[in-house]
Amino acid sequence: SANAESTSRLGFKGTEDLGGGMSAFFTVETGLTPSQVNASPWNNRQSFAGVKKNGVGSFAFGTQYTPVHAAVSATDPGEANNMAGNVIYATNTAGVGNTTQASTVATSTNGGTDAYTVRTANTLKLQSDNFAGFVGTAIYTMNNQNNNQTANYTASNGSAAGGINNNSGWGLGVNYTWQKLLVTANYQSFKSVNPYTLNGTASASNIATVTTPAPSLYSTVGGSNVQDNQAYIAATYDFGILKAYAQWVNRKATSTINSGYYASRSAQQIGVRSYITPAIEAWASVGNGRVDTFGTNSPTANFTAYQLGSNYYLSKRTNLYAIYGQTQTTSNSSTAGVGAGANQYALGLRHTF
């Protein structure tokens with residue numbers, strides 16, 4: 001597939017009947033970046049294996065989508081494309097999924113968007129079968145590492161007191177389907193704890209007096225020392241001639257060093273998607289949100305976005321697409337900039353197999 005409407009990837013999956021209503025399954029995917037010069041065309045996406053029992057559910061181990069992303073994929077009018085104009089699936093998702101989280105929700109990192117984490121590695125996922133319209137999902141993830149750092153500060157090594165170095169997380173989600181209505185609610189929480197090293201602003205004379213190191217005095221090694229909580233609620237209803245969407249997402253990242261330092265991003269979006277003719281599909285969405293941060297200067301920002309798109313299906317697996325998206329951000333803090341905006345359009349061909 002092309003990159004604008006959906007990330008290019010190559011994957012393999014399979015199932016084996018184990019008898020008695022049980023089956024084993026696997027999925028292995030790699031992202032493809034053929035348009036980048038002097039860059040590796042391969043990167044890890046979902047890679048997992050599991051077992052399913054009919055009438056009960058399934059469990060799987062490996063790198064997998066989080067409950068929030070699985071819900072967004074089912075309830076986003078733009079089907080989580082990579083264009084500007086979507087405040088829920090806020091693009092910039094290339095890279096290997098892992099449990100290391102962003103230190104601020106205003107920027108994105110590998111494995112996530114501005115709004116939530118897409119994939120986590122070393123993850124156990126449990127998913128129930130459909131019971132009276134309800135399907136439940138739970139994940140637990142860790143990085144198979146829990147190192148105790150014990151280095152003390154010296155002028156030569158520039159290290160503060162050590163501590164536990166570990167990444168972990170969990171998530172829960174539930175979907176309810178009734179006729180043409182789908183409602184989903186999801187929550188996930190990730191924690192990254194790492195030791196500190198001094199940056200250029202700290203000195204030997206002040207380290208002894210700082211009992212709760214502020215982010216302005218220290219930089220981290222291998223992690224972001226953050227508690228990252230994310231929630232997503234959405235609903236869709238298929239009216240026949242069109243499908244309507246309503247979404248809300250919230251993310252709060254709090255420093256594990258000092259709880260007074262945190263950033264919170266909240267956004268809501270509505271949209272519609274419909275077939276104009278049997279071969280032409282179109283969608284539209286509009287949303288807004290706000291980023292609040294507490295710490296140095298406490299910058300805040302408001303943002304709005306909209307997106308228009310269409311598909312022309314040449315066959316079941318091949319379509320032409322046209323997408324236009326726009327975002328606009330305004331800030332009340334000089335440290336965050338006066339304002340910023342982005343306009344993107346894309347024309348392309350997508351093929352799935």
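This is a tour of a predicted model, stop by stop, with a selection to make at each one.

**The whole chain**

Start with the full chain in cartoon view. The secondary structure comes to 2 helices and 18 strands. The chain has 353 residues, and 41% of them count as buried. Switch to a surface: about 17,400 Å² is exposed, with carbon and sulfur atoms supplying 58% of that area. Contacts can also be sorted by how far apart the partners are in sequence. Among those between residues at least 6 apart, 56% join residues at least 24 apart.

**The largest nonpolar core**

Next, select V72, V87, I88, Y89, Y116, Y232 and V249 and show their side chains. The largest nonpolar core has 18 residues, and these seven touch the most other members. Which elements give two or more residues to this core? They are α1 (67-75), β12 (226-238) and β16 (300-313). Helix α1 provides the largest share, 3 residues. In soluble globular proteins, nonpolar side chains tend to be buried together.

Keep Y89 selected and show what surrounds it. Setting aside residues up to four places away in sequence, Y89 touches H69, V72, A80, N81, N82, T113, Y116 and V118. Two of the residues named in that list, V72 and Y116, are also among the core members with the most contacts to other members.

Now move to A4, W283, Y321 and A346. They are included in a second core, separate from the first and made of 6 residues.

**The largest pocket**

Select R9, E29, Q46, Y65 and S73. Of the 50 residues that line the largest pocket, these lie nearest its centre. The space in this pocket is about 1,400 Å³. Colour the lining by class to see 18 nonpolar, 22 polar and 10 charged residues. Then pick out strand β1 (residues 9-19), which gives the lining its largest share, 7 residues.

**Either side of β1**

Stay with β1 and step back to S6, in the segment before this strand. Is S6 buried or exposed? Its relative accessibility is 15%, so S6 counts as buried, the limit for that label being under 20%. Add N82 to the selection: the two residues are 76 apart in sequence, yet their C-alpha atoms are 6.3 Å apart in space. N82 has appeared already, as one of the residues that Y89 touches.

Now go past the other end of β1 to G20, in the loop between β1 and β2 (22-32). G20 has 63% relative accessibility and therefore counts as exposed, since that label applies over 50%. Select K53 as well; it is 33 residues from G20 along the chain, with 8.4 Å between the C-alpha atoms.

**Two loop residues with positive phi**

The next stop is A132, in the loop between β5 (119-128) and β6 (134-142). A132 is not a glycine, but its phi is positive, at about 55°. Its relative accessible area is 71%, so A132 is exposed.

Go on to Q179, in the loop between β8 (164-178) and β9 (181-193). What is the phi of Q179 near? The value is near 55°, positive in a residue other than glycine. Q179 counts as exposed because its relative accessibility is 64%.

**Two strand residues**

From that loop, follow the chain into strand β9 and select F190. F190 has a relative accessible area of 0%, so this residue is buried. Select T120 too: F190 and T120 are 70 residues apart in sequence and 9.7 Å apart in space, C-alpha to C-alpha.

Finish at L308, in strand β16, one of the elements that give two or more residues to the largest core. L308 counts as partly exposed because its relative accessibility is 45%. With neighbours within four places in sequence left aside, which residues is L308 in contact with? Show W283, A284, A322, I323 and Y324 to see them. W283 is also a member of the second core. For the last selection, add G85, which is 223 residues from L308 in sequence and 8.5 Å from it in space, C-alpha to C-alpha.

Methods: Residues numbered from 1 in each chain as written. Predicted model: local features only at pLDDT ≥ 70, side-chain atom pairs only at ≥ 80, totals over all residues. Heavy atoms only, no water. Core = buried A, V, L, I, M, F, W, Y, C linked by side-chain atoms within 4.5 Å. Buried < 20%, exposed > 50% of the residue type's maximum accessible area, 1.4 Å probe, protein only. Helix = DSSP H or I, 4+ residues; strand = E, 2+ residues; numbered from the N terminus. Contact = heavy atoms within 4.5 Å. 1 Å grid on protein atoms, 1.4 Å probe; cavity = no way out; pocket = protein on both sides within 12 Å on 5 of 7 lines; lining within 4 Å. Points joined across faces, edges and corners; volume = space filled by probe spheres on them. Nonpolar A, V, L, I, M, F, W, Y, C, P; charged D, E, K, R; others polar. Areas by Shrake-Rupley, 256 points an atom, 1.4 Å probe, with all protein chains shown as cover.
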